[in-house]
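Hi,

Here is the structure I promised to pass on. Have a look at it first, and then read my notes below.

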Amino acid sequence: MAFSKSKISTIDMHTCGEPLRIVVDGLPDIPGKTILDKRTYARENLDHIRRFLMFEPRGHADMYGCYLVEKDLPAADVAVLFLHNEGYSTMCGHAVLALARFAVDHSYVAAVAEQAETPVNIQCPCGLVRAFVEYNTETKKTGRARFQSVPAFILESDIYVEVAGFGEGASPGDQNSTGKVLLDVSYGGAFYALVDAKQVGLDVRTSSVDALKGAAKAIKAAVQSSVSIKHPFSPELSFLYGVIFTDGKDAWNEHCRPLQR
């Protein structure tokens with residue numbers, strides 16, 4: 001399928017170094033009654049554009065982007081499809097923060113001068129995400145941003161999965177052996193497996209990125225093959241997006257207290 005125009009216009013932003021390439025012009029029409037329908041259409045019919053924007057020489061292995069599309073939620077100010085080097089995600093925190101500033105900076109949403117923050121409602125494939133952007137009326141510039149995501153929930157808590165080459169009982173590095181790894185599966189716009197890195201002999205502060213990625217890949221494959229991932233409302237959201245390693249202090253315990261305001 002050919003592009004609708006001879007060029008695609010983008011604006012590149014970042015959130016603490018995490019990239020976001022926003023496509024502002026040049027896309028063909030993306031039909032669909034709902035945003036999930038549009039996501040399916042883009043995946044099945046326009047994937048050459050994703051590869052064009054995300055892969056080298058224009059992108060890189062960690063590139064991230066989004067398409068601005070027609071909204072179908074009345075409360076939304078803008079609607080987006082997220083894309084990256086492997087496909088199309090349903091929620092992205094760093095992208096939402098960048099998009100919120102972009103929406104105010106480029107007048108998709110009018111800055112509210114009489115308030116400390118301007119609200120920006122972003123329809124993501126996972127639902128409506130409410131962002132808030134600081135705006136300086138003197139300098140006419142946006143500042144810090146924050147957001148409230150869709151409702152989060154735990155799908156599976158304290159379950160064991162058999163992982164090739166990792167976990168209790170496995171021979172380190174031996175893909176022919178398996179070990180038990182304790183984890184949770186939770187949702188916050190996308191499904192993730194949450195794992196204490198110590199269970200696979202790693203440390204989130206000192207282990208190499210390659211070591212963490214290798215273990216995460218094995219754990220993701222194990223969860224995908226043994227755990228039923230089902231969103232309560234949408235089959236399109238019923239898949240495991242990734243693995244999050246923690247330092248083991250994420251549980252509600254003596255080290256955790258409510259945030260004091």
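**What I found**

Let's start in the loop that joins β1 (9-15) to β2 (18-25), because that is where Cys16 lies. Keep in mind that this is a predicted model. Cys16 isn't a glycine, yet its phi is positive, about 55°. Is Cys16 buried or exposed? Its relative accessibility is 82%, so it counts as exposed.

Lys140 is another residue to click on: it has a positive phi of about 60° and is not a glycine either. You'll find Lys140 in the loop between β6 (127-136) and β7 (141-148). With a relative accessibility of 56%, Lys140 counts as exposed, because the cut-off for that is over 50%.

While you're looking at the backbone, check the peptide bond from Glu56 to Pro57, which is cis, with omega near 10°. Pro57 sits in the loop between α2 (47-54) and β3 (64-69). Why point these spots out? Most peptide bonds are trans, and most residues other than glycine have a negative phi.

Now zoom out. The protein has four helices and eleven strands. Its radius of gyration is 20 Å, close to the 18 Å that the globule rule gives for 261 residues, so the protein is as compact as a globular protein of that length. Along its principal axes, the C-alpha trace spans about 55 × 50 × 35 Å. If you take the contacts between residues at least 6 apart in sequence, 55% of them join residues at least 24 apart.

What about inside and outside? Buried residues account for 43% of the 261 residues. The largest nonpolar core has 71 residues, and the members that touch the most others are Tyr67, Phe82, Leu183, Val223 and Phe245. Helix α3 (residues 93-105) gives this core its largest share, eight residues.

Tyr67 is a nice one to display with its neighbours. Leaving out residues up to four places away in sequence, Tyr67 touches a list that includes Val23, Leu27, Ile30, Leu46, Ile49 and Leu53. Arg50 is also one of the residues that Tyr67 touches, and so are Ala79, Val80, Leu81 and Leu83.

On the outside, the accessible surface comes to about 14500 Å², and carbon and sulfur atoms hold 51% of that. As for charges, there are 27 positive and 31 negative ones, and their mean positions are 4 Å apart.

Happy browsing!

Note on methods
Residues are numbered from 1 along each chain as its sequence is written. This is a predicted model: local features need pLDDT of at least 70, side-chain atom pairs count only at pLDDT 80 or more; totals for chains, interfaces and linings use all residues. Side-chain values use heavy atoms; hydrogens and water are left out. A nonpolar core is a set of buried Ala, Val, Leu, Ile, Met, Phe, Trp, Tyr and Cys residues joined through side-chain atoms within 4.5 Å. Buried means under 20% relative accessible area, exposed over 50%, partly exposed in between (1.4 Å probe, protein chains only). Helices (H or I, at least four residues) and strands (E, at least two) are DSSP runs, numbered from the N terminus. Contact means heavy atoms within 4.5 Å. The radius of gyration is taken over C-alpha atoms; the globule rule is 2.2 Å times the number of residues to the power 0.38. Accessible areas come from the Shrake-Rupley method with a 1.4 Å probe; for residues, only the protein chains shown count as cover. Lys and Arg count as positive and Asp and Glu as negative; His and the chain ends are not counted. The place of a charge is taken as NZ of Lys, CZ of Arg, CG of Asp or CD of Glu.
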